[in-house]
Amino acid sequence: QVQLVESGGGLVQPGGSLRLSCAASGFIFSRYTMTWVRQAPGKGLEWISHINSGGSSSAYENSVKGRFTMSRDNAKNTLYLDMNSLKPDDTAVYYCVVAGCSAYVCDKNQGYWGQGTQVTVSS
C-alpha cells in the first residue's frame, strides 16, 4: 500500500533552517508529481510547493518562494523540502502528498498523505 513518511521537523529559532524528508513506498514514485502541504494551528490546509515527476520543475507559494526549495531523489524514493530563513508564521504540520491536490487546492480525502511532521519556529 502507499506509504509516505515525513521526518526532519522540530523546533527552530527564527532565521534558522530545517530539511524535511518524505520516504515514499507502495507506488512508482518517479511517475508522480509530489506536493508539500502545511497546516498551521487553527487554520486550513495550505499548498506550499510541488515538483514534477522528474524533478526538473517546481512551484512555490508566494510566502515561501526564495526561502524553501523542494527536491526529490527518484533513486531513493525520497522527497525533500529545504527550509531557510524560517519565520514564526512557518509554524505548522507539514505533509507530503501524492494525488491529493488540484490547482493548488488540497483535500485530505483525496490521494495519499503522510502523517505529517511538526515544524515550530520560535525563540
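This report looks at the aromatic pairs, two arginines over rings, and the surroundings of Ser53 in a predicted model.

## Aromatic pairs

How many aromatic pairs are there? The count comes to four. Take Trp47 and Tyr104: their ring centres are 4.6 Å apart and the planes meet at 65 degrees, so this pair is edge-to-face. It ties together distant parts of the chain, with Trp47 in strand β5 and Tyr104 in the loop between β10 (101-102) and β11 (105-106), 57 residues apart. Trp47 has just 9% relative accessibility and so counts as buried, the cut-off being under 20%. Tyr104, on the other hand, is exposed, because its relative accessible area of 53% is over 50%.

Tyr95 and Trp113 also pair edge-to-face, at 5.7 Å centre to centre and 70 degrees between the planes. Here strand β9 (residues 92-98) supplies Tyr95 and strand β12 (residues 112-113) supplies Trp113, with 18 residues separating the two. Both Tyr95 and Trp113 are buried.

## A ring cluster and two arginines

Phe27, Phe29 and Tyr32 are joined into a cluster by ring pairs. Over the face of Phe29 you'll find Arg72, 4.3 Å from the ring centre. Elsewhere, Arg19 puts its charged end over the ring of Tyr80, at 4.2 Å from the centre.

## Around Ser53

Ser53 sits in the loop between β5 (45-51) and β6 (58-60). With 26% relative accessibility, Ser53 counts as partly exposed.

Leaving out residues up to four places away in sequence, Ser53 touches Ser30, Arg31, Tyr32, Thr33, Arg72 and Asn74. Tyr32 is also part of the ring cluster, and Arg72 is the residue lying over Phe29. As for Met34, its C-alpha atom is 7.2 Å from that of Ser53, with the two positions 19 residues apart along the chain.

Notes
Residues are numbered from 1 along each chain as its sequence is written. This is a predicted model: local features need pLDDT of at least 70, side-chain atom pairs count only at pLDDT 80 or more; totals for chains, interfaces and linings use all residues. Side-chain values use heavy atoms; hydrogens and water are left out. Helices (H or I, at least four residues) and strands (E, at least two) are DSSP runs, numbered from the N terminus. Buried means under 20% relative accessible area, exposed over 50%, partly exposed in between (1.4 Å probe, protein chains only). Contact means heavy atoms within 4.5 Å. Rings of Phe, Tyr and Trp (its six-membered ring) pair if their centres lie within 6.5 Å; planes under 30 degrees apart count as stacked, over 60 as edge-to-face and the rest as tilted. A charge sits over a ring if NZ of Lys or CZ of Arg is within 6 Å of the ring centre and within 35 degrees of the ring normal.
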